[in-house]
Amino acid sequence: MAFSQQQYAEQLELLQERYPHVSTQNLLHLLQQHNGDVDKVCTYLIQEEHRVKKLDSLETRFSTALTALQQEYPASKSIKRTRLLRIMDRFGGDVEHVRKFLQKHEAKHNESEIDSSVVQHQQQEEIKTKYSTQLAELRTAGINIHSPCVLLQLEKYHGDVNKILEMTKNREEKKHHIAELDTKYSSQITQLETDGIKIKNKRLLLELLEKANGQVDIVKQLFAERNEQKHQIKSSINTSEANHENLSSTKKRHEINADDIDNLRQLRSAGIYGNPVKILALFHECNQSIEMTKARIEKDREQREQQYEKRTQQRIVLAEIHDAYLTINNRDDWPDNIQQVYLDGNNMMFVIDCIRRLCLNRASKKAERAIAELAAAWNEQMHIPNIELIFDLTHQLEQIQSIKVSSAHPMYKTTDDMLIDIVRRSENQQKNKRTIIVTSDRGLAIHLKYEGCQLVKPHQWFSHCAMVLTPDLIKHEETTDMTAATTTTTTTKNKTRYDLNELVRRIVKIDL
C-alpha cells in the first residue's frame, strides 16, 4: 500500500481535493485499477455519485410500499434492496406488477427449500436398483460401488461397465505416475522452493520437471514463460472489456436521450415493459402511437409462440419418422403383398460410390440408367406389379423392363411434389398400405407416413438388392473389443458389409 501511495502521490492529491468524502484507500484502489488514469477514476466516481443519488430518490419514493411488500413476502429479503427499488422503478411504482414478480420468486424459493441431500439419496438408490447387475460386476472387479462418483458414471454411460473399468484403470495409472515423478524429482522440487519458485498445483510442477528432464533452469524458464502468457491474456481481456464498456455506454448515450424518457414513462404506464432501447425503436416505427406499439408487440409475441410451437411439432414428428423406416437385415425382411414401389431417384444417386462419381463427372444419364437397370434386375426376383423410378428432371423416359422411369418436370417442381400428389390421389388411398417409397428425405417422409405409406432408406434398398442378386458380396465380420482392468472382458459384435460397388458393376450393362 505504501508503494502504491508513493507511485500515485500526485494523482491521489488531485483526487482528494476533488472528492474529499472518498477514503484514501478507495482512491488508491481505483488508481491501481485504472493504471493511474485520473480521468477514468473521475468518470467512475461521477457515475457512482449519480447512481447513489438515484437510489436515494427511489428509496424516498417507494420506501413505504416496498417495506410492506417485503413483510408480505419474506423470501424477498434474499433479494438486494437496490434490485427491488429498480424493479419498482421499472414498473412505475405499480404494486400489483411487483407483487406478481415476488409471488413467482416466493414459489421458486419454496421449491428450493426441499432437502437436496434427500433427493440425492433417492437418486442414488434408483441408480443402484436400475444397474444392480453392473454394480455386482464392478464389486467383483474391486471397485467401491458406494462411491457417488461411480454411480454417476454408471448413469452417464448407460451402465457401460467396460467404460468405467477403463476410466478407473487410467486414473490409477496417472496416480502411480505422479507418485513416481514426486519421488524422482524430490530434490529438484526442494531446490525450486528454496529459489522462491512456488506453484500451488504440484501436478503441473511435476509435468514441467518431466518435460525439462529434471533440469531446474529450464523449469524456471518455462514457469516464467507461462506467467508472461497468463499476464498477456489477462491484460487483453481487461482491454477488450474496457472497450466494450466504452462502446456500450456511448451507444446508450446516442440511442436514449432526454426526449425519450417521457415517452418511455408513458409506455410503461400503458403496461409496455422490456428493453428500453428496443421499445423506443418500436415506438418510433409505429409513428409514436402507444396503441399501435402494443398491437405490434402482441403480434410479434404471437408469431414467436407460433414458431416455437411449429419447431416443437417438427421435432416430435422427426423423432417419430426416425423409427418409421423399415429395417431390412435379411432377404425375408422385405414386407409381403407389396403392390407398388416408388424410387426417389435423385435421393438415391449419391449412396453408392461408383454412381456418385458418375454424377460428379457430369454423367448423370449413366447414373440414372444404372439405378434403373439395377431396379429391373431386382424386380425379376421380387415380381412387384408396379415400380416407378422418378427423377426431378430426366429425358430418359423409356421403360426398362418392368421399371417405369418418370420425370417430375414440367408438371411438378420436384420429385417430392410428385410423390405427395400420387399418394394423395383417391384411387391410391387404399393402396398406400401396400406401397413402399424408397427415400431418405425426412421432410418428404413426414407427408408419406401421414398418408399411410411404408418407408425404406436408399442404402437399405441397395443392400436388399445385394441380398437378392449377389449374396456372395455380403460379408459378416466379427469385431472383438477387449478391455483390461482387474479382469479381462471381451465383447463380440457382428457387422454385415455389402460390396455395393461390385454389385453395380456386375448387374449394370454400361461403362462405369
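Modeller: Helices (H or I, at least four residues) and strands (E, at least two) are DSSP runs, numbered from the N terminus. This is a predicted model, in which local features need pLDDT of at least 70 and side-chain atom pairs count only at pLDDT 80 or more, while totals for chains, interfaces and linings use all residues. Residues are numbered from 1 along each chain as its sequence is written, and side-chain values use heavy atoms, with hydrogens and water left out.

Biologist: In which helix is Ser364 found?

Modeller: Ser364 touches Met349 and Leu358, residues up to four places away in sequence not being counted; contact means heavy atoms within 4.5 Å. From C-alpha to C-alpha, Ser364 and Met349 are 8.7 Å apart. The element that holds Ser364 is helix 19.

Biologist: Is Ser364 buried, partly exposed or exposed?

Modeller: Buried means under 20% relative accessible area, exposed over 50%, and partly exposed in between (1.4 Å probe, protein chains only). The relative accessible area of Ser364 is 34%, so Ser364 is partly exposed.

Biologist: How many residues does helix 19 give to the largest nonpolar core?

Modeller: A nonpolar core is a set of buried Ala, Val, Leu, Ile, Met, Phe, Trp, Tyr and Cys residues joined through side-chain atoms within 4.5 Å. The largest one has 45 residues, and Trp334, Val341, Leu343, Trp378 and Trp461 have the most contacts inside it. Several elements each supply at least two of its residues, among them strand 1 (340–344), helix 18 (353–360), helix 19 (364–382) and helix 22 (458–469). Helix 19 gives the most, and its count is ten.

Biologist: In what order do the five strands of the open sheet stand?

Modeller: Strands of a sheet pair through backbone hydrogen bonds, either parallel or antiparallel. Two strands count as paired if DSSP finds at least two bridges between them. The edge positions belong to strand 3 and strand 5 (454–456), each of which pairs on one side only. The pairing in this open sheet is parallel, and the order is 3-2-1-4-5.

Biologist: How many bridges join strand 1 to strand 2?

Modeller: Strand 1 is joined to strand 4 by four bridges, with Val341 partnering Ile436 and Gln340 partnering Thr435. Towards strand 2, Leu343 stands opposite Leu389. Strand 1 and strand 2 run parallel, and the number of bridges joining them is five.

Biologist: Which residues of strand 1 lie on the side with Val341?

Modeller: Five of the five residues of strand 1 are buried, and both of its faces are covered. One side carries Gln340, Tyr342 and Asp344. The other side carries Val341 together with Leu343.

Biologist: Leaving aside neighbours within four places in sequence, which residues is Val341 in contact with?

Modeller: One partner is Ile436, which is also the bridge partner of Val341 in strand 4. Leaving aside those sequence neighbours, the full set for Val341 is Trp334, Ile384, Asn386, Ile387, Glu388, Ile436 and Val438.

Biologist: What angle does the direction of helix 22 make with that of strand 5?

Modeller: Axes are lines fitted to C-alpha atoms, for helices over the stretch in contact, and angles run from 0 to 180 degrees between N-to-C directions. Neighbouring strands of the sheet are turned by 20 degrees against each other on average, direction ignored. Helix 22 packs on the sheet, touching strand 1, strand 4 and strand 5, and its angle to strand 5 is about 75 degrees.

Biologist: Is Arg362 buried or exposed?

Modeller: Arg362 lies in the loop between helix 18 and helix 19. Its phi is positive, about 60 degrees, although Arg362 is not a glycine. Its relative accessibility is 83%, so Arg362 counts as exposed.

Biologist: What is the relative accessible area of His383?

Modeller: His383 lies in the loop between helix 19 and strand 2. His383 is not a glycine either, and has a positive phi of about 60 degrees. His383 is exposed, and its relative accessible area is 62%.

Biologist: Which peptide bond is cis, with omega near 10 degrees?

Modeller: The proline concerned sits in the loop between strand 3 and helix 20 (415–424). The cis bond runs from His409 to Pro410.
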